[in-house]
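Trainee: I have a model open and I'd like to learn how to read its strands. Can you walk me through it?

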Amino acid sequence: MTKRAQKFVKVLFASMLLTLTVALGGCSGDKEAEDSTQIADTAATERSEADAETQFSSETTDKTTDDAASHITVGIPQDLDSLVPSLSQGAGTQEILFNIYEGLYKPDSEGNLIPAVASDYTMSEDGLVYTFTLRDGIQFHNGNPVTVADVKYSIETCAGLNGGEPIVSAFSNVEKVETPDERTIVITLKESSNTFMAIVSSIEAVIVPADEPDLQNNPIGTGPYKFVSRSLQENVELERFDGYWGEPAHIKNVTVKVIADTDSIVMNLQGGAIDMMARISATQAAELGDEFEIVEGTMNLVQAVYLNNAVEPFNNEKVRQALCYTVNKQEILDFVSGGKGTPVGSSMFPAFEKYYVEELSDLYTPDLEKAKALLAEAGYSDGFSFTMKVPSNYRQHVDTAQVVAEQLKQIGVTANIELIEWETWLDDVYHGRNFEATLVGVDASTLTAGAMLSRFQSDAHNNFINYNNAEFDAAYKDALAAEAIMDDDSATESYKKCETILAETAANVYIQDMCELVAIRKGYAGYEFYPLYLQDFSKLYVTE
């Protein structure tokens, strides 16, 4: 296990997130509410408003530069699909917006949920009422103070209480938002939920000005960096927000540069066009010279060949199983990432230790004869061909797809790889479900089990593979029901059953939780891995 994974498991699941990682929309009773309140009180004590604003180490102070020219250029594989967090679709967008916006709370690099726009909160014994205290003196990037009216507007917009449907589905559980005084926000839920703090800490639930109608062109948040400008398909310019409530960013200016052509990443790094690039391939890392440090972590996602279960031949379980028996995960890891990464067998990655079923990764030991026999039983003894749509801007997925295609040839199956732009992938695959197969990584948008599993319910709006399994639906409902009566053991078993059903029915061809390699030019340091798909530019600093 990598250092990052060890940190995530140790901190995330040994403390706060043992309470938080349950399915979205689950209910909790009084005992879980009491536990959550105790955790919240501890967190508020340890990270009080005064501490967050003043208690910096001497090491951090030394790293903060007053040089107005301090600058770093960070490469990203695709342009941002929106500057409004609640409207963004791609994880690659949300990881950048994390630097601009904040919610009432937010995650840190160790998986804890820490105060942000709010300085603290309390929860009622029945788990229905959350009372937040607005951080004293906090302001938006335009210099205006954040008010409880802004918070009320932001939460009500997420919940659809300002008219229309909830723009964040998990917020449909919010019944009302009240502001009894200038520093207090009271959020009342329809049903108790011990995932609410994880949801309210997500990038989708950020606090924005109530009087700013056009965040798409004028994004205004409370984060450590403020938006300066954007050139479509080229770059986004950010500048340190000197009025930030917490630890100031060390580097004054950040240019986020779009490098959609994965073949040009090494050239852009070596030529000085960019100083840092996350999620490069092992081959790319090996091509870089001594002027770069390669930082290693794990991505905390599930890479797989995601199959459209509603189209032939992937509506046939035996066909899907045949592909699973053919794909050799270790061979992929060896070829694409020098053996690094962790094989997985279902839609859960190892850092979710409580729910992760390790043995599922060995459910389909490569067996070509068995794969051929399954194809024959399904009526495809001569094999078949299909198109696998792959986002062209992610080198690791492209490389993996090429290996998978070669492996499938062994059973007479031809996978025609179609490289498409990220925006096209979102439109055609994710939203339009117009595909046969695709190879991508799916991550957790919040620190909850439901973030990985809820999408496979037959009626889920984001069930882009069209998975339809009554047994899975029943098991997922059982998990929620168990949570509602505080039967954590039964809930955990139900979640594991969900994963097992996905694996046994070969919903997808599961491959790995990928190794993450970050190239950063020497002279810069401070990159921190997060348990979610985030990049925190405020932690970067200049070393020389």
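Trainee: Which residue stands opposite Leu 134 of E5?

Mentor: For that you look across to the partner strand. This is a predicted model, and in it Ala 118 faces Leu 134. Ala 118 belongs to strand E4, residues 118-123, which pairs with E5 in the antiparallel sense over five bridges.

Trainee: How many residues lie between E4 and E5 in their hairpin?

Mentor: Five residues separate them, and the turn holds Gly 127, with a positive phi of about 75°.

Trainee: Which residues of E5 are on the covered face, and which on the uncovered one?

Mentor: Read along the strand and sort the side chains by face. In E5, residues 129-134, the covered face has Tyr 130, Phe 132 and Leu 134, while Val 129, Thr 131 and Thr 133 make up the uncovered one. Phe 132 also has a bridge partner in E7, namely Ile 185. E7 spans residues 184-189 and pairs with E5 over five bridges, again antiparallel.

Trainee: Now the sheet with E14 in it. What is the strand order there?

Mentor: Go from neighbour to neighbour: E14-E18-E13-E17-E15-E16, an open sheet of six strands with mixed pairing. E14 (342-343) and E16 (413-420) are the edges; each has a single partner strand, so one side of each has no neighbour in the sheet.

Trainee: In which sense do E15 and E17 pair?

Mentor: Parallel, over two bridges, with E15 covering residues 384-391 and E17 residues 437-443. Lys 389 has Thr 438 in E17 as its bridge partner.

Trainee: And which strands does helix H15 lie across?

Mentor: H15, residues 422-431, lies across E15, E16 and E17, and runs at about 125° to E15.

Conventions: Residues are numbered from 1 along each chain as its sequence is written. This is a predicted model: local features need pLDDT of at least 70, side-chain atom pairs count only at pLDDT 80 or more; totals for chains, interfaces and linings use all residues. Side-chain values use heavy atoms; hydrogens and water are left out. Buried means under 20% relative accessible area, exposed over 50%, partly exposed in between (1.4 Å probe, protein chains only). Helices (H or I, at least four residues) and strands (E, at least two) are DSSP runs, numbered from the N terminus. Two strands pair if DSSP finds at least two bridges between them. Contact means heavy atoms within 4.5 Å. Axes are lines fitted to C-alpha atoms, for helices over the stretch in contact, and angles run from 0 to 180 degrees between N-to-C directions.
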